[in-house]
Amino acid sequence: DAVLIGDSGHYALIDTGTSSSADEMIAALGRLGVEKLELLVLTHPHADHIGGASRLLDEVPVEEMLLTTEKGFDVPYYRFYQEAAAQALAKLLRKAQEMDIPMEVAQVGDQYTFGSSTLEVIGAGVETKDNLNQLSLALRFDGPGLSFLDTGDGEKEVEQALLASGEYLRADVFKAA
């Protein structure tokens with residue numbers, strides 16, 4: 001699961017797919033002329049969303065990373081789910097820190113500009129003890145002639161929270177969980 005968004009040569013990548021798909025993703029970015037990412041968004045810490053991130057950082061400059069809730073990227077919390085995945089996540093976050101890539105925890109209302117387009121955090125997941133999909137960020141991209149809604153792998157509770165929030169959810173493209 002990886003989605004490239006951008007406008008006027010300014011790009012963001014939402015998630016990075018699996019580690020086994022990383023080479024294909026990086027090659028696709030190259031074919032599209034993406035030389036750097038202004039923003040890398042990791043919607044939630046499952047391997048099919050963050051697995052390619054470490055390899056991506058080796059190949060493509062990233063100016064900033066946007067993470068889900070602090071609990072979602074708190075390694076002891078994540079260790080409850082899968083030890084191997086927790087170690088991979090910890091390694092990724094250490095790597096980003098060593099590369100001096102700023103990492104921010106997403107807050108509802110955060111906005112990022114790409115050319116004349118805007119990416120906004122419209123949902124920051126819901127509290128969970130047993131389902132990391134529920135930590136998924138919800139993002140809205142609005143650009144000339146295109147609106148796009150991405151909810152990571154957010155399930156029913158995330159969707160209900162978005163509906164209750166009053167956020168404008170109509171979009172040309174909805175990447176469903």
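This report walks through the sheet, the nonpolar cores and a few individual residues of the structure above. Please keep in mind that the model is predicted.

**The sheet**

Let's start with the strands. Five of them form an open sheet, ordered β1-β2-β3-β4-β5, with mixed pairing. At the edges stand β1 (3-7) and β5 (103-105); each has a single partner strand, so one side of each is left without a neighbour in the sheet. From one strand to the next, the twist averages 20°.

The table collects three of the strand pairings.

| Strand pair | Sense | Bridges |
|---|---|---|
| β1 and β2 | antiparallel | five |
| β2 and β3 | parallel | three |
| β3 (residues 39-42) and β4 (residues 65-67) | parallel | three |

A hairpin is made by β1 and β2, with two residues between them, and Ser 8 in its turn has a positive phi of about 55°. Within this pair, Asp 7 has His 10 in β2 as its bridge partner. On the way from β2 to β3, the chain passes through α1, and β2, α1 and β3 make a right-handed β-α-β unit.

Strand β2 deserves a closer look. Four of its five residues are buried, so β2 is largely enclosed by the rest of the structure. Ile 14, which is found in this strand, has a relative accessibility of 1% and counts as buried. In β3, Val 41 stands opposite Ile 14, and Val 41 in turn has Leu 66 of β4 as a bridge partner. If you want a distance to check, the C-alpha atoms of Ile 14 and Thr 43 are separated by 7.1 Å, although these residues are 29 apart along the chain. Beyond four places in sequence, the residues in contact with Ile 14 include Val 3, Ile 5, Leu 139, Phe 148 and Asp 150.

**Thr 16 in its loop**

Thr 16 sits in the loop between β2 (10-14) and α1 (22-31). Despite being a loop residue, Thr 16 is buried, with a relative accessible area of 0%. Its side chain reaches the backbone oxygen of Ile 50 at 3.4 Å. Setting aside neighbours within four places in sequence, Thr 16 is in contact with a list of residues that includes Asp 1, Ala 2, Met 25, Leu 40, His 49, Gly 51, Gly 52 and Leu 56.

**Nonpolar cores**

The largest nonpolar core has 22 residues, and those with the most contacts inside it are Leu 37, Leu 40, Leu 42, Leu 56, Leu 57, Val 62 and Met 65. At least two residues come from each of β2, α1, β3, α3 (53-59), β4 and α5 (83-98). The biggest share belongs to α5, which gives four residues to this core. A second, separate core has 17 residues, among them Leu 66, Tyr 112, Val 121 and Leu 137.

Met 65 belongs to the first of these cores. Leaving out residues up to four places away in sequence, its contacts include Leu 40, Leu 42, Leu 57, Ala 96, Ile 101 and Met 103.

**Glu 159 on helix α6**

For contrast with the buried residues, consider Glu 159, found in helix α6 (residues 156-165). Glu 159 is partly exposed, with a relative accessible area of 35%. Not counting residues up to four places away in sequence, Glu 159 touches Gly 154 and Phe 174. Its C-alpha atom is separated by 9.0 Å from that of Ala 138, with the two positions 21 residues apart in numbering.

Key:
Residues numbered from 1 in each chain as written. Predicted model: local features only at pLDDT ≥ 70, side-chain atom pairs only at ≥ 80, totals over all residues. Heavy atoms only, no water. Buried < 20%, exposed > 50% of the residue type's maximum accessible area, 1.4 Å probe, protein only. Polar contact = N/O pair within 3.5 Å; in protein donor to acceptor, adjacent residues only side chain to side chain. Contact = heavy atoms within 4.5 Å. Pairing = 2+ DSSP bridges. Axes fitted to C-alpha atoms, helices over the stretch in contact; angles between N-to-C directions. Core = buried A, V, L, I, M, F, W, Y, C linked by side-chain atoms within 4.5 Å. Right-handed = clockwise from strand over helix to strand, strands pointing away.
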